[in-house]
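This report goes through one model from a single residue outward to its helices, its core and its aromatic rings. The sequence and structure are shown first.

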Amino acid sequence: MIDKAAIANPKTHYGNGRAATRGFIQQRVTGALNIVFALFMIWFVVAMAGAADAAARIALIRNPIVAIGLILLIVNVAIHMRIGMHDVIEDYINKGPRNTLANTANLAFVALVVLLVVGSVLKVLFWG
């Protein structure tokens, strides 16, 4: 039997309704944007395959529009990944220190991936 009073009380273990709704909406928005970025990625891979040599590939990445697209792509995918893993951690790891550690590791991993990829794109963009 579900205790409706416990579910209605925001101080119970059922969590914060606003945060859950925000995460739900962010997950859907980033997922929809991933469809658009998938089309960009298909174009990018085809353009890279059609490039004659390494200099042509670097020139393609040095295009500011392409570089901005790549940066936005990785940031969007990273946000989507962080939210998805947060949901998995919430569902399968009990509350407490392990949950906090797992969420911290999730955030650190996502931050590391974003820093490395964005740094790589910026390196190619500004220093070839």
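## R82 and its surroundings

R82 is partly exposed, with a relative accessible area of 28%; buried means under 20% relative accessible area, exposed over 50%, and partly exposed in between, using a 1.4 Å probe and protein chains only. The model is predicted, so local features need pLDDT of at least 70 and side-chain atom pairs count only at pLDDT 80 or more, while totals for chains, interfaces and linings use all residues. Residues are numbered from 1 along each chain as its sequence is written, and side-chain values use heavy atoms, with hydrogens and water left out.

R82 belongs to helix α4. Helices here are DSSP runs of H or I with at least four residues, numbered from the N terminus. Not counting residues up to four places away in sequence, R82 touches Q26, N106, L107 and V110, where contact means heavy atoms within 4.5 Å. Between the C-alpha atoms of R82 and V110 the separation is 6.5 Å, although these positions lie 28 residues apart in the count along the chain.

N106, one of those partners, sits in helix α5 (residues 97–127). N106 is buried, at a relative accessible area of 9%. Beyond its neighbours within four places in sequence, N106 is in contact with R82, M85, H86 and I89.

D87 is also a residue of α4. D87 is partly exposed, with a relative accessible area of 33%, and its C-alpha atom is 9.6 Å from that of A20, 67 residues away in sequence.

## Helices α4 and α5

The expected span of a helix is 1.5 Å times one less than its number of residues. In both helices the distance between the end C-alpha atoms agrees with it.

| Helix | Residues in helix | Expected span | End C-alpha distance |
|---|---|---|---|
| α4 | 29 residues | 42 Å | 42 Å |
| α5 | 31 residues | 45 Å | 43 Å |

At the N-terminal end of α4, N63 acts as a cap, with a side-chain oxygen 3.0 Å from the backbone nitrogen of I65. Buried residues of α4 include V66, L70, N76 and I89. In α5 the buried residues include N99, N103, N106 and V110, and the cover over the buried residues of α5 includes α3 and α4. Just after α5, G128 has a positive phi of about 70 degrees.

## The nonpolar core

A nonpolar core is a set of buried Ala, Val, Leu, Ile, Met, Phe, Trp, Tyr and Cys residues joined through side-chain atoms within 4.5 Å. The largest one has 19 residues, of which F44, I61, V66 and L70 touch the most other members. Two or more residues come from each of α2 (17–50), α3 (54–62), α4 and α5. The largest share, seven residues, is from α4. F44 touches L60, I61, V66 and L70, leaving out residues up to four places away in sequence.

## Aromatic rings in α2

There are three aromatic pairs in the structure. Rings of Phe, Tyr and Trp (its six-membered ring) pair if their centres lie within 6.5 Å; planes under 30 degrees apart count as stacked, over 60 as edge-to-face and the rest as tilted. The F40 and W43 rings have centres 5.9 Å apart and planes at 35 degrees, so this pair is tilted. F40 counts as buried at 19% relative accessibility, and W43 as partly exposed at 42%. The F40 and F44 rings have centres 6.3 Å apart and planes at 20 degrees, so they are stacked. F40 and F44 lie four residues apart in helix α2, about one turn. F40, W43 and F44 form one aromatic cluster.

Key
Polar contact = N/O pair within 3.5 Å; in protein donor to acceptor, adjacent residues only side chain to side chain.
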